[in-house]
Amino acid sequence: MPMSCSMLHEMKKIEITNTKDEVAEIIKKEIISGKISSDDNITQNFLAEKFGLSRMPIREALNVLVQEGFLEKKSNKKIHVVNFDDNTIETYVKILTSVEVDLIELVNSNPDNKIIFDVLLSEYNAVSLKEKILLFHNFISECQNDSHIKTIHRNLINGIFMYCFNYTKFDVDKVYNNIDRIIHSILETSFSRTEIHEMLLDSNNLIMKNIFTKDNA
């Protein structure tokens with residue numbers, strides 16, 4: 001069904017300086033909170049009027065959300081909200097973790113990648129624990145030579161993971177401890193795929209398991 005004003009009651013007109021990314025973030029929050037559901041059709045005209053913007057930034061924001069997996073384009077060119085539930089998050093965590101373990105294995109097996117990884121880690125000491133967690137997830141793809149691999153991982157990270165990282169509460173210390181152990185295993189060439197998979201799965205679960213919790217930050 002078409003979206004109504006009541007479904008987007010918190011979406012006020014925004015300043016023209018706001019970007020497509022800010023529009024996308026607002027719509028994303030409405031999807032996760034359930035204020036926009038999988039029964040709703042998304043229309044550019046309605047959103048443009050609601051935000052007080054032209055259709056161009058709205059179209060760009062919707063394309064971002066399609067790329068990140070929050071929306072999907074149907075064969076009739078209509079845009080629908082993707083249904084999210086606990087099973088979706090569980091599957092997403094498993095896929096992301098498997099991809100990242102493979103990336104870590106590539107870093108560990110390629111001396112050139114490890115050199116780049118060492119250089120990237122020079123940024124690591126000057127930031128907070130939470131920022132270190134995000135840097136790690138960026139590092140493991142940024143030190144790859146294959147741009148296609150980087151794009152695959154970036155698309156995975158930019159979706160549900162980044163929403164949870166930015167807006168949900170999780171045990172930063174516990175996640176960081178896992179990440180720190182993984183980094184040491186890479187630097188010391190003591191790679192154990194099973195152990196790294198367990199630590200990374202635990203970390204990604206901790207970050208994303210509270211996506212539907214009402215009292216998130």
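Is His-80 buried or exposed? In this predicted model, His-80 has a relative accessibility of 16%. The cut-off for buried is under 20%, so His-80 counts as buried. The residue lies in strand E3. Leaving aside neighbours within four places in sequence, His-80 is in contact with Ser-38, Asp-40 and Asn-41. The remaining contacts of His-80 are Phe-70, Leu-71, Glu-72 and Lys-74.

Strand E3 covers residues 79–81 and belongs to an open sheet of three strands. The order in the sheet is E1-E3-E2, and the pairing is antiparallel. Strands E1 (41–42) and E2 (71–73) form the edges, each pairing on one side only. Two bridges join E1 to E3. Within this pairing, Ile-42 has Ile-79 of E3 as its bridge partner.

The overall fold comes next. The protein contains nine helices and three strands. Along the sequence, the elements follow the pattern α-β-α-α-β-β-α-α-α-α-α-α. The protein has 217 residues, of which 42% count as buried. The exposed surface comes to about 11400 Å². Carbon and sulfur atoms supply 50% of that area. Contacts between residues at least 6 apart in sequence were also examined: 73% of them join residues at least 24 apart.

Helix H1 spans residues 20–33 and shows two levels of exposure. Asp-21 lies in H1; at 40% relative accessibility, this residue counts as partly exposed. Ile-27 lies in H1 as well, but its relative accessibility is 1%, so Ile-27 counts as buried. Both residues have partners distant in sequence. The C-alpha atoms of Asp-21 and Ala-61 are separated by 6.2 Å, although the two residues are 40 apart along the chain. Ile-27 and Phe-70 are 43 residues apart in sequence, and their C-alpha atoms are 9.4 Å apart.

In soluble globular proteins, nonpolar side chains tend to be buried together. Here the largest nonpolar core holds 61 residues. Ile-27, Phe-117, Ile-160, Phe-161 and Met-208 touch the most other members of this core. Not counting residues up to four places away in sequence, Phe-117 touches Val-107, Phe-139, Ile-140 and Cys-143. Phe-117 also touches Ile-183, Ile-186 and Leu-187.

Several of these partners lie in helices H4, H6 and H8. Val-107 is one of the buried residues of H4. Phe-139 and Ile-140 are among those of H6. Ile-183 and Ile-186 are buried in H8.

Helix H4 covers residues 86–109, 24 residues in total. The helix reaches 35 Å from its first C-alpha to its last, close to the 34 Å expected at 1.5 Å a residue. Asp-85 caps the N-terminal end of H4. A side-chain oxygen of Asp-85 lies 3.1 Å from the backbone nitrogen of Asn-87. The buried residues of H4 include Ile-89, Tyr-92, Val-93, Leu-96 and Leu-103. Also buried in H4 are Thr-97, Glu-100 and Asn-108.

Helix H6 runs over residues 129–142 and has 14 residues. Its end-to-end C-alpha distance is 20 Å, close to the expected 20 Å. Among its buried residues are Ile-133, Leu-135 and Phe-136. Lys-132, His-137 and Ser-141 are buried in H6 too.

Helix H8 (residues 172–187) has 16 residues, which should span 22 Å at 1.5 Å a residue. The end C-alpha atoms are 22 Å apart, so the span agrees. The N-terminal end of H8 is capped by Asp-171. A side-chain oxygen of Asp-171 lies 3.3 Å from the backbone nitrogen of Asp-173. Buried positions in H8 include Val-175, Tyr-176, Ile-179 and Ile-182. Asn-178 and Ser-185 are buried there as well. Thr-189 follows H8 and has a positive phi, near 55°.

Asn-204 lies in helix H9 (residues 193–208). Its relative accessibility is 0%, so Asn-204 counts as buried. Not counting residues up to four places away in sequence, Asn-204 touches Val-93, Leu-96, Thr-97 and Glu-100. These four are listed among the buried residues of H4. Asn-204 also touches His-137 and Phe-161. His-137 is one of the buried residues of H6. Phe-161 is one of the residues that touch the most other members of the largest nonpolar core.

Notes: Residues numbered from 1 in each chain as written. Predicted model: local features only at pLDDT ≥ 70, side-chain atom pairs only at ≥ 80, totals over all residues. Heavy atoms only, no water. Buried < 20%, exposed > 50% of the residue type's maximum accessible area, 1.4 Å probe, protein only. Contact = heavy atoms within 4.5 Å. Areas by Shrake-Rupley, 256 points an atom, 1.4 Å probe, with all protein chains shown as cover. Expected span 1.5 Å × (residues − 1). Polar contact = N/O pair within 3.5 Å; in protein donor to acceptor, adjacent residues only side chain to side chain. Pairing = 2+ DSSP bridges. Core = buried A, V, L, I, M, F, W, Y, C linked by side-chain atoms within 4.5 Å.
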